[in-house]
Amino acid sequence: MNVSTGSGLTIRENAELDLLSLGALVHRLDPGIVPFRKANQCAIHVSGGEFNVAANLADCFGLKTGIATAMVDYPLGDLIAERVRAMGVKPYYRHFTHNGVNGPNMAAVYSDRGFGVRAPVVFYNRANEAAAALKPGDFDWKTIFAGGVRWAHSGGIFAALSPTTAELAAEFMREAKAAGAITSFDLNFREKLWKVSGGVQRAVEAVEKIVANVDVLVGNEEDLQKGLGIPGPEVAAKSKLDPSVFFGMIDKVVKKHPHVKVVATTLREVHSTNRHSWSAVVWMNGKTYAAPTAELDVYDRVGGGDGFASGFIYGLLSGETPESATKLGWAHGALLTTFPGDTTMATIDQVRAFAQGGSARIQR
């Protein structure tokens with residue numbers, strides 16, 4: 001067994017998979033800086049918060065990762081499955097057959113990037129989504145975990161899709177813990193998704209059952225308040241980069257969930273759509289850690305949080321110090337905002353160089 005320095009997490013050293021995610025695969029239609037009401041062409045990005053973490057860890061950091069998810073056997077499913085293969089992620093699919101008319105479907109996310117003072121806009125078509133039909137018992141966890149999994153990850157977006165996806169996420173965390181994996185959950189609270197599936201109260205009830213078996217939580221103060229039902233402290237943040245509100249909530253989080261060993265989040269001050277101040281903070285095993293603040297020229301902000309989570313998880317899986325793991329997550333999340341799409345195009349050398357104070361000078 002290998003213990004990550006200072007993290008309080010006991011991480012197994014060898015396993016068939018370094019990380020397994022449970023989540024929904026989607027395709028994001030991106031017209032760039034053109035609003036959808038005026039768009040005449042779109043790029044297609046394959047995404048999903050839980051998939052993004054697995055894809056980033058495989059493609060950039062060279063880890064062995066997998067995803068348990070739904071797959072519809074039709075051309076959009078083929079497109080998405082090709083991208084899963086290209087990113088080096090091993091799929092564990094529950095297959096669905098499309099009826100040729102109305103589904104079940106692979107969900108679509110629509111997201112124009114905005115520009116300057118014009119903010120990005122995100123909306124969904126998750127009608128008759130195959131992933132929402134996933135339920136406990138759909139995956140043979142005993143077989144999947146038989147070869148060993150070091151880390152298991154899921155998130156609030158998947159949990160919000162339906163009552164059965166929340167139950168499946170809870171089952172996944174229980175089975176992962178029983179199999180000796182570290183478990184993480186990105187609260188990723190999305191008001192629109194929970195609003196159509198029961199609202200904030202159902203979110204708290206659903207997430208409570210999942211977090212009962214979670215070691216590592218990812219989420220900002222709003223995620224902690226709405227996802228965990230924890231009231232915020234009487235602290236006035238000086239800016240979005242002020243971690244006092246986040247750290248002020250940790251005692252309440254740990255009191256409610258004493259088994260949680262790590263809580264992490266990114267900090268972002270948005271000056272304009274294309275100019276952000278970026279940092280990250282972590283509470284780990286009773287201590288706090290903060291990344292530097294970087295001034296980012298943002299190309300596409302979607303996926304930055306997943307970029308942080310994957311870099312941070314990589315650091316912990318690699319036995320880095322808490323400070324180093326925090327900086328690796330911060331650096332990878334920052335770099336991810338410079339690429340189109342939701343998943344990484346960075347190399348591990350670029351991430352390490354930026355984490356150690358590298359610059360944007362031309363590399364020859």
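Biologist: In what order do the four strands of the open sheet stand, and what is the pairing?

Modeller: A sheet is read by listing its strands from one edge to the other. In this predicted model, the open sheet has the order 5-4-8-9, and its pairing is mixed. Strand 5 (43-47) and strand 9 (121-125) are the edge strands, each pairing on one side only. From one strand to the next, the twist averages 25 degrees.

Biologist: How many bridges join strand 4 to strand 5, and do these strands run parallel or antiparallel?

Modeller: One reads a pair of strands from its bridges and its direction. Strand 4 (residues 26-30) runs antiparallel to strand 5, and five bridges join them. Within this pair, R28 stands opposite H45 of strand 5, while D30 has A43 as its bridge partner there.

Biologist: In which sense do strand 4 and strand 8 pair?

Modeller: Strand 8 (residues 107-112) pairs with strand 4 in the parallel sense, over four bridges. Here L29 has Y110 of strand 8 as its bridge partner.

Biologist: Which helix packs on the sheet, and which strands are touched?

Modeller: Helix 2 (residues 75-86) packs on the sheet and touches strand 4 and strand 5. The direction of helix 2 makes about 65 degrees with that of strand 5.

Biologist: Why is strand 4 described as largely enclosed by the rest of the structure?

Modeller: The argument rests on accessible area, with buried meaning under 20% relative accessible area. Five of the five residues of strand 4 are buried, so the strand is largely enclosed by the rest of the structure. Both of its faces are covered: one side carries V26, R28 and D30, the other H27 and L29, and all are buried.

Definitions and conventions: Residues numbered from 1 in each chain as written. Predicted model: local features only at pLDDT ≥ 70, side-chain atom pairs only at ≥ 80, totals over all residues. Heavy atoms only, no water. Pairing = 2+ DSSP bridges. Helix = DSSP H or I, 4+ residues; strand = E, 2+ residues; numbered from the N terminus. Axes fitted to C-alpha atoms, helices over the stretch in contact; angles between N-to-C directions. Contact = heavy atoms within 4.5 Å. Buried < 20%, exposed > 50% of the residue type's maximum accessible area, 1.4 Å probe, protein only.
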